Amino acid sequence: MSETLFQNRIDLSSIRDAVERIKRELRKVIVGQDEMIDLLLAALFANGHILIEGVPGIAKTLTAKVLARTLSVGFSRIQFTPDLMPSDVIGTSVFNPKTVEFKFNPGPIFSNFVLIDEINRAPAKTQAALFEVMEERQVTVDGTTYPMQMPFLVVATQNPIEQEGTYRLPEAQLDRFLLKIVMTYPSLEEETKILLAHHQQRAVPTAAVEPVLTGEQVLACQAAARSVRVEEALLRYIALLAGKTRTSGDIYLGASPRASIAILNTAKAIAAMQGRDFLVPDDIKTVAIPALRHRIILSPEREMQGIAPDDVLKDLLAKLEVPR
């Protein structure tokens, strides 16, 4: 087979350069978490929202803030609380006595990069305010639709341990997150590096992180990722995986076609980040669990046994024949 068949049809140097520059800035503050950073960037270039779950104190919010600082785009942070109202998120119409008209005052959701901290602390009516904006990139208030400025990315954090004062996210909202990233504790070596930096007062403040990518460059990277070539056999592989979640006896609610699209788009971004303009099965395996773990509900029997969604998904992946 001729080597020319393996030459890229599209120029991916810009997206690879963007990945290196962003990682270089992130490494000024973040120690370790290589897999999480790759998934964050893949979601960014796949134009999808991210849910980060982890115990307190492992830099969930810090990572999101540092990533936002690497982008020269609008940024806003919303701290979700039990008394937060939908108007506190999307904005409200205020009557102007001078013009005798109502004027819409946009809320903090009107930005390019929106960090929602502790998203599971707001009640259902506030959660519902995110449905339209996360899926359609627009907000409708009093019959008027206000489109979001692109790029638009929501990064939300939640703590899986503390349950007091929290609300379970609706399945419809979870399905709007492209990926659910589970952050774990740092390794012994990584935590030692963190302690050493603080002990020697060498910890770099987030203000030292510089923006390296503009909004236009982010959109260009997203376009490059969408251009990645995918063989029909790999599309069928994704569809078969999603179908297995719907027929497995271990799963009560399987993945929807939106989940299949999430796997496809994120896998294409992973391939582009690695400088390839074509998809391989390993790209799909890399993103399958983060794209599916929040979109399935285990059967009551498996939940009572303490089995995690990741374990069931790993078993399905292992049994599924990989296309050649």
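The following paragraphs lead through a predicted model of one protein chain, from its overall dimensions to its cores, helices and unusual backbone positions. Because the model is predicted, local features are taken at pLDDT of at least 70 and side-chain atom pairs at pLDDT 80 or more, while totals for chains, interfaces and linings use all residues. Residues are numbered from 1 along each chain as its sequence is written, and side-chain values use heavy atoms, with hydrogens and water left out.

The secondary structure of the protein chain comprises 13 helices and 13 strands, where helices (H or I, at least four residues) and strands (E, at least two) are DSSP runs numbered from the N terminus. Along its principal axes, the C-alpha trace spans about 75 × 45 × 45 Å. The radius of gyration, taken over C-alpha atoms, is 21 Å, which agrees with the value near 20 Å for a compact globule of 324 residues; the globule rule behind that value is 2.2 Å times the number of residues to the power 0.38. Of the 324 residues, 47% are buried, a term that stands for under 20% relative accessible area, with exposed meaning over 50% and partly exposed in between (1.4 Å probe, protein chains only). A contact means heavy atoms within 4.5 Å, and among contacts between residues at least 6 apart in sequence, 78% join residues at least 24 apart.

The interior can be followed through its nonpolar cores, each a set of buried Ala, Val, Leu, Ile, Met, Phe, Trp, Tyr and Cys residues joined through side-chain atoms within 4.5 Å. The largest nonpolar core has 73 residues, and those with the most contacts inside it are Ile22, Leu41, Phe45, Ile50, Leu241, Ile263 and Ile284. Helix H10 (residues 257–273) supplies the largest share of this core, with 10 residues. Apart from this core lies another, of 25 residues, which includes Phe104, Val114, Leu130 and Leu174. To return to Phe45, its contacts beyond the neighbours within four places in sequence are Ile15, Ala18, Val19, Ile22, Leu213, Cys221, Gln222, Ala225, Ala269 and Met273.

Two helices towards the end of the numbering show how side chains meet. The axes of helix H11 (residues 281–292) and helix H13 (residues 309–319) come within 10 Å and cross at roughly 145°, where axes are lines fitted to C-alpha atoms, for helices over the stretch in contact, and angles run from 0 to 180 degrees between N-to-C directions. The crossing is right-handed, that is, the near helix is turned clockwise from the far one by less than a right angle, whereas anticlockwise would be left-handed. On the H11 side Ala288, Ile289 and Leu292 take part, and they meet Asp310, Leu313, Lys314 and Leu317 in H13. These residues divide into 5 nonpolar, no polar and 2 charged, with Ala, Val, Leu, Ile, Met, Phe, Trp, Tyr, Cys and Pro counted as nonpolar, Asp, Glu, Lys and Arg as charged, and the others, Gly among them, as polar. Ala288 counts as buried because its relative accessibility is 1%, and outside its neighbours within four places in sequence it is in contact with Leu241, Ile263 and Leu317.

Helix H3 (residues 60–69) is mostly covered, since 7 of its 10 residues are buried, namely Lys60, Thr61, Thr63, Ala64, Val66, Leu67 and Ala68. By contrast, Glu216, in helix H8 (residues 215–226), counts as exposed because its relative accessibility is 61%. Glu216 and Ser72 are 144 residues apart in sequence, yet 9.5 Å apart in space, C-alpha to C-alpha.

The backbone, finally, has some positions that deserve a closer look. Most residues other than glycine have a negative phi, and most peptide bonds are trans. Asn47, in the loop between helix H2 (34–45) and strand S1 (49–53), has a positive phi near 60°, and at 27% relative accessibility it counts as partly exposed. Glu118, which is not a glycine either, has a positive phi of about 55°; Glu118 lies in the loop between strand S6 (113–117) and helix H5 (124–136) and is partly exposed, with a relative accessible area of 26%. A cis peptide bond, with omega about -5°, joins Met150 and Pro151, and Pro151 lies in the loop between strand S8 (144–147) and strand S9 (153–158).
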